[in-house]
Amino acid sequence: MSNRSKLVGINHVALEVADLEAALAFYGSIFDFKLRGRVPGMAFIDMGDQFIALAEGRVDGPDRGRHFGLVVDDGDRVRAALDAAGVEMFRGRGINFRDPWGNYIQVVDYRDVQFTKTPEVLRGMGLNGIGKRERALAELREKGLV
């Protein structure tokens, strides 16, 4: 038994953007989401039991390797929305793009990855019935998580 705390998950990720209203419009054109809340200079995008914090103040150039991954219910719809918005996607695992402020985002389909939400959280998000594809189930079984 370790005397160190185990990582359990991610509560939220904070992204810096130059313009909060433009960021909400951009992300709203790609993803279906609800706002969890707002404070001056910040907005919080709800993801069930997690969230993304958008914070005004981005001054750095585009991210190269530093990125974060989002899990969605349908990767094909994200790809279509990015295409319709004229957002350039680039190679890599999943769907990779940069937002207008240079944040590097990787999107993966829930059905294809080990990441798992409880049935209660999925139901609350309107995603009851979404399952995993065999490859993801095999990875979960290998770790004793199914």
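**A walk from Asp109 to the pockets**

Start by selecting Asp109 and Gly75: a side-chain atom of Asp109 lies 3.0 Å from the backbone nitrogen of Gly75. That pair is a polar contact (N or O atoms within 3.5 Å, one able to donate a hydrogen and the other to accept it; residues adjacent in sequence count only if both atoms are side-chain atoms). You are looking at a predicted model, where local features need pLDDT of at least 70 and side-chain atom pairs pLDDT 80 or more, while totals for chains, interfaces and linings use all residues. Residues are numbered from 1 along each chain as its sequence is written, and side-chain values use heavy atoms, without hydrogens or water.

**Stay on Asp109**

Add Arg111 to the view; its side chain and that of Asp109 form another polar contact, at 2.6 Å. Asp109 sits in strand S8; strands (E, at least two residues) and helices (H or I, at least four) are DSSP runs numbered from the N terminus. Is Asp109 buried or exposed? Its relative accessible area is 8%, so Asp109 is buried (under 20%; exposed is over 50%, partly exposed in between; 1.4 Å probe, protein chains only). Now show what surrounds Asp109: beyond four places in sequence, Asp109 touches Val71, Val72, Asp73, Asp74, Gly75 and Arg133, a contact being heavy atoms within 4.5 Å.

**The second largest pocket**

Keep Asp109 and Arg133 selected, then add Gly94, Val108 and Asp112: these five lie nearest the centre of the second largest pocket, which 14 residues line. A pocket is an open set of points on a 1 Å grid over the protein atoms alone, where a 1.4 Å probe fits, with protein on both sides within 12 Å along at least five of seven lines; lining residues have an atom within 4 Å of a point. Helix H2 and strand S8 (104–109) each give two or more residues to the lining of the second largest pocket. Colour that lining by class and you will find eight charged, four nonpolar and two polar residues. The second largest pocket holds about 220 Å³ of space, a volume being the space filled by probe spheres set on the points.

**The largest pocket**

Next, select Met47, Val71, Val72, Lys117 and Met125. The largest pocket has a volume of about 1,500 Å³, and of its 44 lining residues these five are the closest to the centre. Among the elements that give two or more residues to this lining are strand S1 (12–17), helix H1 (20–30), strand S4 (50–56) and helix H3 (119–124). Which element gives the most? Strand S5 does, with five residues. By class, the lining of the largest pocket has 26 nonpolar, nine polar and nine charged residues (Gly counts as polar).

**Across to Gln50**

Move to Gln50 in strand S4. Its relative accessibility is 16%, so Gln50 counts as buried. Draw the distance from the side chain of Gln50 to the backbone oxygen of Ile10: 2.8 Å. Setting aside residues within four places in sequence, Gln50 is in contact with Ile10, Asn11, Arg36, Ile45, Phe115 and Lys117.

**Zoom out**

To finish, switch to a cartoon of the chain and count four helices and eight strands. Traced from the N terminus, the order reads β-α-β-β-β-β-α-β-β-β-α-α. The C-alpha trace spans about 45 × 40 × 30 Å along its principal axes. Of the 146 residues, 34% are buried.
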